[in-house]
Amino acid sequence: MLCKHCGKEIADEAVFCKHCGKRTDGFKTCPVCKKDIDDDSAFCSFCGADLTSPTVGETAVAAQPYTVCATTGADAVTVGALAEAGSVKKTAVNLTRILNIAVVCVSMLVALFALIFIFFAGFKAVLESNGETQSESADIFYYFGKAYKERAEILKLSQPSNYYKAATFLPCIFGTVISASSLIAVCALVVAATVFNVQYIVGKREKSGDAFAIAAFAVFVFCSAALLAMVNSTTEFSSDYLPQTIYYELNSTTVAGIVSGCVFMFIWLCGKIAVCGKQFFQTVNIVKCCLALAATVFTVVTVSLLTLPAIAVDSSEAGITDVKCGILQLLNSLGLLSFKGEGNEIATKAWVVFSLGTLAFLTEVGALICGGEFIIKAINNISGNGKKSLLGASIRTAVFTLITMVLMIVCGEMFLGIATEIGDSENIGKFSYGVPIAAFVLSIISIVIAVALKIYGYKNPQSGVLPDAQQTAEQAVAADTENSQS
């Protein structure tokens, strides 16, 4: 962007011009109380200093904060205001420091929830039949042994093909990788957040570890969503012959962890806004905050849709209604079709569907990761901890969602083609793909909002979406130290 004072090119996120040294965010620093005020202010809104007086800067440097000088007229008012401002500011700085430490402690609670509940993350299968409900839960450690044993026992009851064996064990492999990587990531992020926050509190570090704490909670949520996406790729159906419905949802412990973490994250965000003070209520900041929140909401809904069964099947002619499945169940169901003896061409098509379906689930996980990245950046920007654009993460989320949608549609139509060739199409029905299509549309809306935020931020340059709360507290502490020395 161009500096509005000297007109030379500077970085988009720059607060001071490297050529003329003037601020570019619409604020200036009061020479008396050292607080940020509007650039066009004639009097300081905090200490009341007359900024039009040519001696106000010299007076602020030379005068002692609690000394009453024998002056008259305008100079006397200035010195008196300076003494009063020094007294008030000293108390305000201490309160700001205490508030900022409290905010850091709240972020550690968010990280603690992630560390505790990641070991209980999981899902439960619910069976509703004849008015009765049964459920069975599985946690994150289910994929470290038990899942493989259960599927091995099922395969012993038949003589499955190599394709069916691969499709049966594929969810186990994905579950193991997701669970192990999530456990390692959460533990590492919580340790980093703890170390950085402790160093910040004792004054050995200028930046806190809030971002690591938020990232740890985001990984916990991602793990829960990925496991749910995988099991929701199993099946959900009801039948006219056997009235029952099977569906999957997060277990109660995982839900409690997500809700508790979100509550404390909201408290943390409110604390960050409180540290920013009156700067939060600037029109620029409020507009940016609203745009970032809107894009975050659409991204959260997009990620939520990706955890649902992706394909709806109309099998009413076969006596089965409300069938829903995901890409992994589609691959497994293809192995149940009897295409042995149909020729190598059918078998080749089946393995093509298997390959594309595996890729579809990987891109689905990629969309979940990119969506989580967007949410982390948005929260950090809103709180004043971040200065990065949200556009890149929103584009990556939409791209992965688009690829997932296309692959699921291709796999579904190829599945129907194979079923038609072997004469099983009447028992399959028609496929529809409303969930991935809706997810992609919402991801596009997130991109549009991110673009609007980028354009608005370019016209109204400022670090992050809101003022840097961390920097505000550090400036206050520095000013307090300077006053104490003087």
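Student: How do the residues lining the largest cavity divide by type?

Tutor: Seven of the lining residues are nonpolar, one is polar and one is charged. This is a predicted model, by the way.

Student: Which residues line the largest cavity, then?

Tutor: The lining is made up of Leu305, Leu306, Leu308, Ala310, Glu364, Thr404, Met408, Val435 and Pro436. Glu counts as charged, so Glu364 is the charged one. Thr is on neither the nonpolar nor the charged list, so Thr404 goes down as polar. As for where the lining comes from, α7 (283–306), α10 (391–421) and α11 (434–459) are the elements that give two or more residues to it.

Student: What makes this space a cavity rather than a pocket?

Tutor: A 1.4 Å probe fits there but cannot get out, which is why the space is called a cavity. The largest cavity holds about 40 Å³, and the search of the whole structure turns up one cavity of 30 Å³ or more.

Student: Why is Phe174 called buried?

Tutor: The relative accessible area of Phe174 is 10%. Buried means under 20%, so Phe174 qualifies. Phe174 sits in helix α4 (residues 162–201). For the chain as a whole, buried residues make up 47% of the 486 residues.

Student: Which residues is Phe174 in contact with, once its neighbours within four places in sequence are left aside?

Tutor: Those would be Met230, Leu328, Thr358, Phe361 and Leu362. Contact needs heavy atoms within 4.5 Å, so each of these five has to meet that cut-off with Phe174. Here's another link across the sequence: Phe174 and Val365 are 191 residues apart along the chain and 10.0 Å apart in space, C-alpha to C-alpha.

Student: How do you know that β3 and β4 pair?

Tutor: Two strands pair if there are at least two bridges between them. Strand β3 (residues 122–129) is joined to β4 by eight bridges, so the two are paired, and they run antiparallel. Among the bridge partners, Ala125 goes with Glu136 in β4, and Gly122 goes with Asp139 in β4. β3 and β4 also form a hairpin with two residues between them, and Asn130 in the turn has a positive phi of about 55°.

Student: What makes β4 and β6 edge strands?

Tutor: β4 (132–139) and β6 (244–250) each pair on one side only. They belong to an open sheet of three strands, in the order β4-β3-β6 with antiparallel pairing. Ignoring direction, neighbouring strands of this sheet are turned by 20° against each other on average. Helix α5 (residues 210–231) packs on the sheet, touching β3 and β6, and its direction makes about 160° with that of β6.

Student: How do you know that the side chains alternate along strand β7?

Tutor: Look at which way they point in β7 (residues 311–314): Ile311 and Val313 go to one face and are buried, while Ala312 and Asp314 go to the other and are not. In a regular strand the side chains alternate between the two faces of the sheet.

Student: And what makes β7 and β9 a pair?

Tutor: Three bridges join β7 to strand β9 (residues 430–432), and pairing needs at least two, so they count as a pair. The two strands run antiparallel, and one of the bridges matches Ala312 with Ser432 in β9.

How values were computed
Residues are numbered from 1 along each chain as its sequence is written. This is a predicted model: local features need pLDDT of at least 70, side-chain atom pairs count only at pLDDT 80 or more; totals for chains, interfaces and linings use all residues. Side-chain values use heavy atoms; hydrogens and water are left out. On a 1 Å grid over the protein atoms alone, a cavity is a set of points where a 1.4 Å probe fits but cannot get out, and a pocket is an open set with protein on both sides within 12 Å along at least five of seven lines; lining residues have an atom within 4 Å of a point. Grid points are joined across faces, edges and corners, and a volume is the space filled by probe spheres set on the points. Helices (H or I, at least four residues) and strands (E, at least two) are DSSP runs, numbered from the N terminus. Axes are lines fitted to C-alpha atoms, for helices over the stretch in contact, and angles run from 0 to 180 degrees between N-to-C directions. Buried means under 20% relative accessible area, exposed over 50%, partly exposed in between (1.4 Å probe, protein chains only).
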